[in-house]
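User: I have a model open and would like to go through its helix packing and its chain contacts. Could you take me through it?

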Number of protein chains: 2
Amino acid sequence: MTKHHNNKEQDILAAAKVEFLEKGYDGARTTSIARIAGVTHAMLHYYFKTKDQLFERIFHETIGTLVKSILDVFTQDEMPFKDRMAKALEMHFEVIRENHLLPLFMIREVASRPERFSMIKNVISSFAGNLLVTMQHDIDLAAKRGEITPIDAPTLLLDMLSLNVFPFIIKPVFEAATGLNLNAESKFWDQRKKENIEIIMRRLTPSQA
Amino acid sequence: MTKHHNNKEQDILAAAKVEFLEKGYDGARTTSIARIAGVTHAMLHYYFKTKDQLFERIFHETIGTLVKSILDVFTQDEMPFKDRMAKALEMHFEVIRENHLLPLFMIREVASRPERFSMIKNVISSFAGNLLVTMQHDIDLAAKRGEITPIDAPTLLLDMLSLNVFPFIIKPVFEAATGLNLNAESKFWDQRKKENIEIIMRRLTPSQA
DNA sequence: AAAATTATTAACAAATTTGTTAAAATTTTC
DNA sequence: GAAAATTTTAACAAATTTGTTAATAATTTT
């Protein structure tokens, strides 16, 4: 518990989040974080002993947000399965839209230092198993009712994540290639959300032989 | 044109590709590249003046491979549109499977240094426009024939890329979370390829009102 | 085989970056 | 308001990393 008002600590955290999310661990500079936060870089080491510790704080937050965004997917209550799915897709899409830098950040860090993230295993597997079991149960029920075509829960989950997350990951490339600023083009994202729901709905609809 | 047999130059290039693809520009070390290539790091600077120039070589190759993988999508000739599409999806999936590190590499670099990649604009826009025009033309034709439901070419292209590329991008996270080694599990990727084709086929099938 | 070109090495240098420390300033506690 | 604890600063240090250079070795050219 800090005694003084710790605005500087908060400033550093905020600056670190921007720096780490944009440039990744390797590209981030503690001096740059300090400069953005408006403090000497000795302050950064005073509050957070090392660059690593500061990074851990930010990364942990990130994982939390992403994990929650997926967890929430299936906490919808009594509705027809397809409606719940559509609602879940929409909610998930909006979370990613508001945190569009998080997925690439997490993927990049895990990719460049996989050994470092044994912790992810615990964080994720502790709840992912449960989510998939629940999903599969609901899928099987709806399929038996003839509301949807049968599908594996992991397959469906990866379909959803691919469609909802990838556009935000490819965004910088897309912008570099077209010269457009997609964040300004809110129409683009609204259309994308619709498309993702449409595509999953069609995937789930039973084919009439 | 180098006069001597330039195996070392090739060794350095090969080592650089591994290092840059795995760790990204910021995480890559020229000393590490030299060590992997089995040469002194002065040799690296002899053949490629700077880290930047070496990186450019690798990055250019990468962009070439990826661009070609997408270009090839629509060079299939006379077949029903849906069949061409399925074939294109399958081919694209296999290219990415064989170069599974390339997409994340490119996305990561563009994301952390967008200003540096004005060149991408030229490389991509020079052909992308053409591809999209061709695609849209074929889509409209097939739609008029009642073979498929109408769709925007950019939308369909992004659907395909999302489904085909994202699983490979999320792979390290997935592996960290599950402890599995997906490269060993070729069944997983075969199933994924099937699912992607299935999902796009359903997206394209006209809905019967 | 001598000359010219190219490849290789080892030692060095400059810049950057993370992290430390000890003293000074500020705030809190009593 | 004095003592104690905490915050802040400035200067420094160690390690890393990219890049240079000048001398040496090897190869090609003539």
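Analyst: Certainly. In chain B, the axes of helix 5 (residues 81-98) and helix 8 (residues 153-178) come within 10 Å and cross at roughly 25 degrees. Helix 5 of chain B is therefore roughly parallel to helix 8 of chain B. Please keep in mind that this is a predicted model.

User: What is the handedness of the crossing of helix 5 of chain B with helix 8 of chain B?

Analyst: The crossing of helix 5 of chain B with helix 8 of chain B is right-handed.

User: And which residues meet there, between helix 5 and helix 8 of chain B?

Analyst: Helix 5 of chain B contributes Leu89(B), His92(B), Phe93(B) and Ile96(B), and helix 8 of chain B contributes Met160(B), Asn164(B), Val165(B) and Phe168(B). Sorted by class, this contact of helix 5 with helix 8 in chain B has six nonpolar, two polar and no charged residues.

User: Let us move to the start of chain B. At what angle do helix 1 and helix 2 of chain B cross?

Analyst: Helix 1 (residues 7-27) and helix 2 (residues 30-37) of chain B cross at roughly 125 degrees, and their axes come within 8 Å. This angle makes helix 1 of chain B oblique to helix 2 of chain B. The crossing of these two helices of chain B is right-handed.

User: Which residues make that contact between helix 1 and helix 2 of chain B?

Analyst: From helix 1 of chain B there are Asp11(B), Ile12(B), Ala15(B), Ala16(B), Val18(B) and Glu19(B); they meet Ser32(B), Ile33(B), Ile36(B) and Ala37(B) in helix 2 of chain B. The classes in this contact are seven nonpolar, one polar and two charged residues.

User: Changing topic: how many helices and strands does chain A have?

Analyst: Chain A has nine helices and zero strands. In sequence order, the pattern of chain A reads α-α-α-α-α-α-α-α-α. The C-alpha trace of chain A spans about 70 × 40 × 35 Å along its principal axes.

User: Which domains does the assignment give for chain A?

Analyst: The domain assignment gives domain 1 (1-49) and domain 2 (56-204) in chain A. Taken over C-alpha atoms, the centres of domain 1 and domain 2 of chain A are separated by 30 Å.

User: How many residues does each domain of chain A give to the contact between them?

Analyst: Domain 1 of chain A gives eight residues and domain 2 of chain A gives seven residues. On the side of domain 1 of chain A that touches domain 2 of chain A, the residues divide into five nonpolar, one polar and two charged.

User: Now the two chains. How many residues does each chain bring to the contact?

Analyst: Chain A brings 39 residues and chain B brings 40 residues. On the side of chain A that touches chain B, the elements giving two or more residues are helix 1 (7-27), helix 6 (102-112), helix 7 (118-144), helix 8 (153-178) and helix 9 (186-204) of chain A. Helix 8 of chain A supplies the largest share of that side, 15 residues. By class, the side of chain A that touches chain B has 23 nonpolar, seven polar and nine charged residues.

User: What turn and shift lay chain A on chain B?

Analyst: A turn of 180 degrees with a shift of 0.0 Å along the axis lays chain A on chain B with an RMSD of 0.1 Å. The two copies are thus related as by a two-fold rotation axis. Of the interface residues of chain A, 100% are also interface residues in chain B, so the copies meet through the same surface.

User: Last one: how do helix 1 of chain A and helix 1 of chain B pack, and at what angle?

Analyst: Helix 1 of chain A and helix 1 of chain B have axes 8 Å apart and pack at an angle of about 105 degrees. That makes helix 1 of chain A roughly perpendicular to helix 1 of chain B. Gly24(A), Asp26(A) and Gly27(A) make the contact with Gly24(B), Asp26(B) and Gly27(B). The residues of this contact of helix 1 of chain A with helix 1 of chain B divide into no nonpolar, four polar and two charged.

Notes:
Residues numbered from 1 in each chain as written. Chains lettered and ligands numbered in written order. Predicted model: local features only at pLDDT ≥ 70, side-chain atom pairs only at ≥ 80, totals over all residues. Contact = placed C-beta atoms within 7 Å. Helix = DSSP H or I, 4+ residues; strand = E, 2+ residues; numbered from the N terminus. Nonpolar A, V, L, I, M, F, W, Y, C, P; charged D, E, K, R; others polar. Least-squares fit on C-alpha atoms with pLDDT ≥ 70 in both. Axes fitted to C-alpha atoms, helices over the stretch in contact; angles between N-to-C directions. Parallel < 35°, antiparallel > 145°, perpendicular 65-115°, else oblique. Left-handed = near helix turned anticlockwise from the far one by under 90°. Domains from an automatic or database assignment.
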